[in-house]
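Q: Please take a close look at one part of this structure with me, namely its aromatic rings and what lies around them. I am in my first year, so a slow and connected explanation would help.

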Amino acid sequence: MDDIKIGEILLPGEESEQERRERKVRRGFWPTFRRAVRQIPFSRDLVAAYYCAVDPQTPTRTRGILLAALAYFVLPLDFVPDVLAAVGFSDDVAVLTAAFAAISGQIKETHYRRADETIGDRSDE
């Protein structure tokens, strides 16, 4: 994936586009996360990004970038099929890494605490 495609994916979009992405992310994040958890090297950051993206106090631009990246993450069809072992989530990792760089410092400690609680709760299952 080149920078132009990642840049296009991460466009925050209009408010209606953000709302559509948020619905998609809320619906598909946890099932996709469960499939990817062993292949994504930064699962804590990913869950914190989810909580940051759905937090109404997060600035609109930051929410838009995160929702775009997370919507790409939950898409069933992308550039590299997620069912391919070891490389399936590599494009998702690239998009998420670019999103984290674009919003650096916007994910708050409260988002990380919620991520830690959630990951701890889900590891008990």
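A: Two rings of Phe, Tyr or Trp, the last taken by its six-membered ring, count as a pair if their centres lie within 6.5 Å, and the pair is called edge-to-face if the planes are over 60 degrees apart. With that in hand, we can look at a cluster in which ring pairs link Phe29, Trp30, Phe33, Tyr50, Tyr51 and Phe73. The model is a predicted one, and the confidence score pLDDT averages 81 over the protein, with 77% of the residues at 70 or above.

It helps to set the scene before going closer. The protein has six helices and zero strands, so that from the N terminus on its elements read α-α-α-α-α-α. Confidence is not even along the chain: helix α3, residues 43-53, has the highest mean, 95, whereas helix α1, residues 3-9, has the lowest, 59. Over residues 78-86 the pLDDT falls below 50, although in the model this stretch still has 21 contacts beyond near neighbours in sequence.

Now to the rings themselves. A pair of aromatic rings is described by two quantities, the distance of the centres and the angle of the planes. The structure holds nine aromatic pairs, and one of them joins Phe29 and Trp30, whose ring centres are 4.8 Å apart and whose planes make an angle of 85°, which makes the pair edge-to-face. Another joins Tyr50 and Tyr51, also edge-to-face, with 5.3 Å from centre to centre and 70° between the planes.

Are the residues of these two pairs buried or exposed? Buried means under 20% relative accessible area. Phe29, with a relative accessible area of 0%, is therefore buried, and Trp30, at 12%, counts as buried because it too falls under that limit. Tyr50 and Tyr51 are both buried as well. For the protein as a whole, 46% of its 125 residues count as buried.

Tyr50 is a good place from which to look outwards. Once its neighbours within four places in sequence are set aside, Tyr50 is in contact with Val25, Arg26, Phe29, Trp30 and Leu70. Tyr50 and Phe29 are also among the residues with the most contacts inside the largest nonpolar core, which has 35 residues; the others named there are Leu46, Leu70, Phe73, Leu96 and Ile107. Helices α2 (15-36), α3, α4 (60-74), α5 (90-102) and α6 (109-123) each supply at least two residues of this core, and the largest share, nine residues, comes from α4.

Helix α4 deserves a moment of its own. Of its 15 residues, 13 are buried, so the helix is mostly covered. From its first C-alpha to its last α4 reaches 21 Å, close to the 21 Å expected at 1.5 Å a residue.

One of the contacts of Tyr50, Arg26, leads on to charged side chains. Arg26 meets Glu22 in a salt bridge, at 2.9 Å from N to O. An α-helix has 3.6 residues a turn, so residues three or four places apart point the same way. Glu22 and Arg26 are four residues apart in helix α2, and therefore about one helical turn separates them. Their surroundings can be compared by value: Glu22 is buried, with a relative accessible area of 14%, whereas Arg26, at 43%, counts as partly exposed.

Glu22 has a second partner, because Arg63 also forms a salt bridge with Glu22, the closest N and O atoms being 2.7 Å apart. This pair links distant parts of the chain, since Arg63 lies in helix α4 and Glu22 in helix α2, 41 residues apart. Arg63, at 13% relative accessibility, counts as buried.

The structure holds five salt bridges. A further one joins the side chains of Asp116 and Arg44, at 2.6 Å from N to O, and it ties helix α6, with Asp116, to helix α3, with Arg44, across 72 residues. Asp116, at 36% relative accessibility, and Arg44, at 37%, both count as partly exposed. There is also a network of salt bridges that links Glu17, Arg20 and Arg21.

Links across the sequence also appear in the overall contacts: among those between residues at least 6 apart in sequence, 68% join residues at least 24 apart.

Terms used:
Residues are numbered from 1 along each chain as its sequence is written. This is a predicted model: local features need pLDDT of at least 70, side-chain atom pairs count only at pLDDT 80 or more; totals for chains, interfaces and linings use all residues. Side-chain values use heavy atoms; hydrogens and water are left out. pLDDT is the predictor's confidence in each residue, from 0 to 100. Contact means heavy atoms within 4.5 Å. A nonpolar core is a set of buried Ala, Val, Leu, Ile, Met, Phe, Trp, Tyr and Cys residues joined through side-chain atoms within 4.5 Å. Buried means under 20% relative accessible area, exposed over 50%, partly exposed in between (1.4 Å probe, protein chains only). A salt bridge is a side-chain nitrogen of Lys or Arg within 4 Å of a carboxyl oxygen of Asp or Glu. The expected span of a helix is 1.5 Å times one less than its number of residues. Rings of Phe, Tyr and Trp (its six-membered ring) pair if their centres lie within 6.5 Å; planes under 30 degrees apart count as stacked, over 60 as edge-to-face and the rest as tilted.
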